[in-house]
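How do you start reading a protein model you have never seen? Take a look at this one, then follow the dialogue.

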Amino acid sequence: MDQCLQVALVAGADAIAEQSNFIFSPLSLRAALALLAAGTKGETLRELLAFLGSQELHLLNATSAGRIAEMRSWPQLSFAAGIFADRSLSLRPEFVSTASSAHGALARSLDFQNQVVQYYEINNKSLRKHDEPTNNSKYFAR
């Protein structure tokens, strides 16, 4: 069984036992961990690759790119991914490129020290800042 599905089963065990509602996306967990793997190295990378069932990072990236392409062909499914780091940290250009090309993710540095609430829209791999939120579910606040 897929490791991410096993995590979902463990995380939802109490909800299942209580016959209550529980929502968990193994695909989202897999996408997040694959994106994380793209920015790691050494033992952390080896552990992530083992968990995700891949021998090499380039194979994991190719698999992720294929899944993203397949999901984008389904009109009833929307997929948005992003990773944001504080502006004081540096994102390696090769990570930003891999995040976009293999994982369909937006990678940006933002000013996390600013105390003003800012709203960002992830749309077509672009990031737009807004003063007020809208009804678009692809917005997040900082």
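What follows is a short tutorial on reading this predicted model.

Q: How many helices and strands does the protein chain have?
A: Start with the elements. The protein chain has 6 helices and 5 strands. Then read their order from the N terminus: α-α-α-α-α-β-α-β-β-β-β.

Q: What share of the residues counts as buried?
A: A residue is buried when its relative accessible area is under 20%. Of the 142 residues in the protein chain, 28% meet that mark. The accessible surface of the chain is about 9300 Å², and carbon and sulfur atoms hold 53% of that area.

Q: Which residues of helix H6 are buried?
A: Helix H6 spans residues 93-103, and its buried residues are Phe 95, Ala 99, Ala 102 and His 103. Look down the axis of H6: these buried residues fall within an arc of 105 degrees, so they line one face of the helix.

Q: Which exposed residues sit on the face turned away from the buried side of H6?
A: That face carries Pro 93 and Ser 101.

Q: What do the buried residues of H6 pack against?
A: Their partners are helices H3 (26-38) and H5 (57-72), plus strands S1 (81-86) and S2 (105-110). Just after H6 comes Gly 104, with a positive phi of about 60 degrees.

Q: Which residues form a nonpolar patch on the surface?
A: Leu 5, Leu 9 and Ile 16 do, with about 270 Å² of accessible area together. Take Leu 9, in helix H1 (residues 3-11). Its relative accessible area is 42%, so Leu 9 is partly exposed.

Methods:
Residues are numbered from 1 along each chain as its sequence is written. This is a predicted model: local features need pLDDT of at least 70, side-chain atom pairs count only at pLDDT 80 or more; totals for chains, interfaces and linings use all residues. Side-chain values use heavy atoms; hydrogens and water are left out. Helices (H or I, at least four residues) and strands (E, at least two) are DSSP runs, numbered from the N terminus. Buried means under 20% relative accessible area, exposed over 50%, partly exposed in between (1.4 Å probe, protein chains only). Accessible areas come from the Shrake-Rupley method with a 1.4 Å probe; for residues, only the protein chains shown count as cover. Patches are made of residues with over 30% relative accessible area and no salt bridge: like charges are joined within 9 Å, nonpolar side chains (Val, Leu, Ile, Met, Phe, Trp, Tyr) within 5 Å. A salt bridge is a side-chain nitrogen of Lys or Arg within 4 Å of a carboxyl oxygen of Asp or Glu. The arc is that of the directions from the helix axis to the C-beta atoms. Contact means heavy atoms within 4.5 Å.
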